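Me: I would like to learn how to read a structural model one feature at a time. Could you take me through it, giving the general idea and then the case at hand?

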Amino acid sequence: MAEVFANATQILEPFRGVKKVTIEEYFTSGHRTCQGCESALVMKLMVKAAGPRTIVLGATGCMYVANTTYYTTPWVVPWMHTQLGSSGSAALGTAAGLKALMKKGKMKSEPINVIAFCGDGGGADMGLGAISATLTHKEYNSLILMYDNESYANTDIQLSGSTPYGANTTFSPPGKVRRLIHTRWKKNTAAMLAAGHTECRYVGTVCASYAVEMMNKVRKALSIGGPTFIHSLDPCPKGWDYDPMLSHELGELAVECGVFPLYEVEDGVVRHYGKTKAIVEGRPRKPVREYLLKQGRFAHFTEEDLEYFQAKVDEMWNEWEIPGVIPFKKAPAGK
Amino acid sequence: MAVETKTPAPGTMATDDREMLISGSEACAEALTLADLDVVTAYPIRPYDTVMQAIAKKIANGQLEAEYIVAEGEHSQFEIVKHASTVGARVFCGSSGVGWMYAMECLTVTPPLRVPMVCMVGNRALDDPGAFGVEHNDALTVRDLGWLLIWVDTAQEMLDTTLLAYRIAEDRRVFLPIAISADGAFLTHSQAIVQVPTRAKVDKFLPPYNRGDLQLHPDNPITVAPQANEDWVIEIRRQNNEAMNRAYTVIEEAYADFRKTFGRGPENPWFEEYMTEDAEVILMGMGTISLPFKVGIRNMRAKGMKVGLIRPRWFRPFPTEKMVAALQGAKAIGVIDRDYSFGSPFGSGVVANEIRAAMYNADKRPPLLSFICGLGGREVTLEDVYKATDLCFEAAKSGKSPLKTQWLGVRE
C-alpha cells in the first residue's frame with residue numbers, strides 16, 4: 001500500500017478562470033516586502049495554487065529576509081530556510097525524506113507538495129549546480145521556483161547572472177568614463193535547464209502579471225511529478241527603479257516586447273502560451289524601448305544601447321531554433 | 001595498569017553477535033544498517049568514500065532500505081540530508097579533507113537548526129598540496145560550530161560509536177549533529193575483527209528518531225529558521241551551548257546503556273587511558289596514532305620507564321574536569337597533534353592548546369610539551385615516540401614546560 005504513493009502527486013486541476021480560484025490563502029500578512037513587490041505576490045500565488053498539503057523551502061534572498069523576520073511569518077504552510085545555493089538540495093532532501101518515511105511505513109502515506117524557491121542569485125548563479133542535479137533525480141517529486149527580479153535585490157541590488165545587459169546596479173554603476181559596466185547578456189536559465197535535463201517532465205516560464213496562468217503552471221508542475229522547474233520574471237520597484245504602481249505593467253511589457261517569452265516544456269514538447277503565443281503566430285512585438293525607458297536602471301542608455309538591446313531581442317525571435325527559447329541556428333546548406 | 005578498550009574476554013560477549021573481518025568504513029556501514037538509516041548521500045573523496053561504497057552495496061543487496069542519493073558536491077550532500085532530517089528521516093553522510101571544507105556553509109547551519117545528523121569525517125590532509133593521508137584539521141574546523149566531535153581508533157569503536165552517535169544526537173536534550181572522525185587509511189581502509197550485534201539488540205538500545213514538534217510536515221505548519229538579525233541571535237547561541245552542556249549527561253547515560261545492552265564498551269566514554277595509573281609521563285594523541293604510541297610505551301615500560309597514554313575520544317563536548325583529574329598525577333604531559341594551528345600560542349597544535357586551556361585553573365599544572373607529528377599520513381615511528389618521551393622526562397625533571405613546539409619526523 002505504501003508503494004502506491006511512492007511517486008504519486010496531488011492532482012491539481014487548473015483554475016478555469018479567475019472566478020474559480022480558491023479563496024484560501026497560505027501566504028498571508030506578516031511580511032515586510034517593498035511596496036509593489038511582485039515576488040511577494042508570486043509567493044502568495046504559488047502556494048495558493050499548491051494548497052495546504054505543501055512544504056515550502058526558501059533559499060536565502062529577499063523572500064527569506066523580508067518575509068520571515070523573526071516573530072512574524074506569512075507562511076501558513078510549513079516553511080524552512082535553506083542556504084543561498086541550496087534550493088535544489090532542499091527540495092531533493094525533503095522529498096527523499098518524505099519518500100523514505102512513507103515507503104518504510106514510518107509516516108502516513110500521502111502525496112505532499114514540496115516547493116523550493118530561490119531568487120535569480122540563488123538559482124541562476126550559485127545554486128545552479130544543485131538545481132541541475134535535482135532535475136536528474138526523477139524519482140523525487142518537487143518544484144523549484146526561481147523568482148527572478150534580475151539582481152541580488154536583498155543585499156543592495158548587485159548584478160546577477162540574470163541581470164539584463166547594461167542595467168545600472170550597485171556592482172555596475174554607469175560612470176563618467178564607462179557608461180556600461182555590465183555587458184553580459186542575461187542567462188537563459190529555464191531553457192538551459194529544460195534542454196539539459198531530458199527526463200525532467202516540466203519546465204516553464206511565468207509572469208505574475210498573468211496570475212491565473214501562472215498559478216496553473218504551478219499546478220501543472222506539481223501534478224506531473226518528478227523534479228520540475230519554473231522561472232518567474234518579477235518586476236522589482238527597488239531594483240528596477242520605477243513607480244511601484246507599475247509592477248504589473250512592466251511584467252506585461254516584458255512579455256509583449258519579447259524580452260521574457262512565456263513557454264513551457266512538458267515531456268519534451270515546447271509550447272508558447274499567452275501573449276507570447278500570439279507573437280509567435282505573427283502579432284508584432286512592442287519595441288523594447290517602451291519597456292526599458294520606464295525603468296531607472298536603464299536611464300543611462302543611449303540610442304545606441306537601445307538599438308543593441310533591440311537587435312539582440314530580434315535575433316532571439318528571428319534566428320533561434322525555437323523563437324525566444326533555444327538559441328541554436330541551423331547551419332546553412334552546404335556548410 | 002588501565003588497559004580499557006580491550007576486546008571482551010570469551011564468554012562475556014553475547015553469543016548472538018557475529019564476528020566479521022571488516023574495515024573501519026565497513027564497520028560504520030554495518031552500524032548504519034543496524035540503525036535502519038532512511039536517507040544517505042554520497043560524493044566521492046578519499047578516504048571517507050569507502051563507507052558510501054559499502055552502503056551502496058548493502059542497498060544493492062537489499063540489506064538496507066534507504067534513499068541513496070549520489071549528490072553533485074559536498075555542499076549539496078550535507079544540505080540534502082539536513083532537509084531529509086527535518087521531515088523526520090534518520091540520515092547519514094560524510095566527507096574528507098577539502099570536501100568537508102566545501103560543505104562548510106552547510107556544516108555551519110546544522111547545529112543552530114538542531115538537526116541531529118550523524119556524519120563521518122575520514123580525516124585527510126587539506127589541499128594544497130593534494131594529499132590523501134590523515135590529518136585532523138578537516139574535522140577540527142567544526143570545533144567551534146556546535147557539532148559534537150569524537151575521534152575513534154578501531155573498527156569496533158567505529159561501529160559502536162556510530163550506534164552511540166544516533167542515540168546521543170537524537171536525544172531531545174541534545175539534538176545536535178555529530179561528526180565521527182576516523183583516520184584516513186589507518187582506520188577507514190584497514191580490516192579488523194569486529195563484533196556485529198543483532199538488530200534486535202540495536203533496536204533495544206536505539207529508539208526511533210522522533211523530531212516531535214520540530215518536524216516539518218503539513219500537519220505541523222511551523223516556520224523554521226526565520227531571519228533574526230541582532231534580535232535573538234545571542235539567545236539562540238546560548239540555547240545551543242546549553243544543549244552542548246546537556247550532552248555530558250546524555251553521553252554518560254548512553255555509554256552506560258550501551259555496556260548493558262551489548263556487553264562491551266568503555267567505562268569512561270571520554271578518553272582511553274593506557275598504562276597511566278602510575279605514569280610519570282602521560283602522552284596524549286587522538287585516533288589511530290595510539291597504535292605506535294602503545295607499542296612504544298610497552299617497550300619503554302619493559303625498561304622500567306613509567307609512561308602512559310591518554311587517547312581523547314570526545315573533543316566536543318570537552319571533558320575538562322575528568323581530563324584535568326586524569327592528568328594531575330603526571331610529572332609531564334606530552335601532547336601529540338596530528339594537526340596544526342599556524343600562529344597559535346607557541347605554534348602548538350589544536351589539542352595541545354586545548355589541554356593547556358583546560359589545565360589553566362588546575363591545582364597542579366605539570367609541564368606540557370607540544371608535538372606535531374604524522375601530518376599528511378606520515379608514518380609515526382617508534383623513534384618519534386621515544387624522542388617525545390625523552391623530552392617529556394627531561395621536562396619532568398626540570399619541572400618546566402619548554403615553550404617550543406617540536407615537529408617530529410620532519411626532514412630538516
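Reply: Let us begin with burial: a residue counts as buried when its relative accessible area is under 20%, as exposed when that area is over 50%, and as partly exposed in between. Please keep in mind throughout that this is a predicted model.

Me: With those cut-offs, is A:Thr189 buried or exposed, and what does A:Thr189 touch?

Reply: A:Thr189 has a relative accessibility of 1% and therefore counts as buried. A:Thr189 belongs to helix 6 (residues 189–196) of chain A, and, if residues up to four places away in sequence are not counted, it touches A:Ala124, A:Leu128, A:Met146, A:Phe229 and A:His231. A second case is A:Val21, in the segment before helix 1 (38–50) of chain A, which is buried with a relative accessible area of 16%. Leaving aside neighbours within four places in sequence, A:Val21 is in contact with A:Phe15, A:Lys48, A:Val212 and A:Met215; the C-alpha atoms of A:Val21 and A:Lys48 are separated by 8.8 Å, although these two residues are 27 residues apart along the chain.

Me: How should I read burial along a whole helix, and which residues of helix 11 of chain B are buried?

Reply: An α-helix has 3.6 residues a turn, so residues three or four places apart point the same way. In helix 11 (residues 320–327) of chain B, the buried residues are B:Met323, B:Val324, B:Ala326 and B:Leu327. Viewed down the axis of helix 11 of chain B, these buried residues fall within an arc of 165°, so they line one face of the helix. The face turned away from that buried side carries the exposed residues B:Glu321 and B:Ala325.

Me: Which elements do the buried residues of helix 11 of chain B pack against?

Reply: They pack against strand 10 (271–274), strand 11 (281–284), strand 12 (307–312), strand 14 (332–337) and helix 12 (350–359) of chain B. For another case, take helix 1 (residues 24–34) of chain B, which is mostly covered, with 10 of its 11 residues buried.

Me: How does one look for empty space inside a model, and how many cavities of 30 Å³ or more are found here?

Reply: Rolling a probe the size of a water molecule over the atoms shows where empty space is left. A search of the whole structure finds 2 cavities of 30 Å³ or more, and the second largest cavity holds about 80 Å³ of space. Of the 13 residues that line the second largest cavity, A:Thr9, A:Ile112, A:Asn113, A:Asn141 and A:Leu222 are the closest to its centre. The lining of this second largest cavity comprises 6 nonpolar, 7 polar and no charged residues, and strand 3 (113–119) and helix 7 (211–224) of chain A each supply at least two of its residues.

Me: What can be said about the area that chain B and chain A bury between them?

Reply: An interface can be described by its contacts and by its buried area. Here 39 residues of chain B are in contact with 45 residues of chain A, and the two chains bury about 3400 Å² between them, 61% of it on carbon and sulfur atoms. B:Glu67, B:Pro218 and B:Gln227 supply 19% of the area that chain B buries against chain A, more than any other three residues.

Me: Finally, where in the backbone is a cis peptide bond found?

Reply: One cis peptide bond joins B:Arg46 and B:Pro47, with omega about 0°, and B:Pro47 is in the loop between strand 2 (39–42) and helix 2 (49–60) of chain B.

Technical notes: Residues are numbered from 1 along each chain as its sequence is written. Chains are lettered from A and ligands numbered from 1 in the order in which they are written. This is a predicted model: local features need pLDDT of at least 70, side-chain atom pairs count only at pLDDT 80 or more; totals for chains, interfaces and linings use all residues. Side-chain values use heavy atoms; hydrogens and water are left out. Buried means under 20% relative accessible area, exposed over 50%, partly exposed in between (1.4 Å probe, protein chains only). Helices (H or I, at least four residues) and strands (E, at least two) are DSSP runs, numbered from the N terminus. The arc is that of the directions from the helix axis to the C-beta atoms. Contact means heavy atoms within 4.5 Å. On a 1 Å grid over the protein atoms alone, a cavity is a set of points where a 1.4 Å probe fits but cannot get out, and a pocket is an open set with protein on both sides within 12 Å along at least five of seven lines; lining residues have an atom within 4 Å of a point. Grid points are joined across faces, edges and corners, and a volume is the space filled by probe spheres set on the points. Ala, Val, Leu, Ile, Met, Phe, Trp, Tyr, Cys and Pro count as nonpolar, Asp, Glu, Lys and Arg as charged, and the others, Gly among them, as polar. Buried area is the accessible area (1.4 Å probe) that two parts lose on being put together, summed over both.
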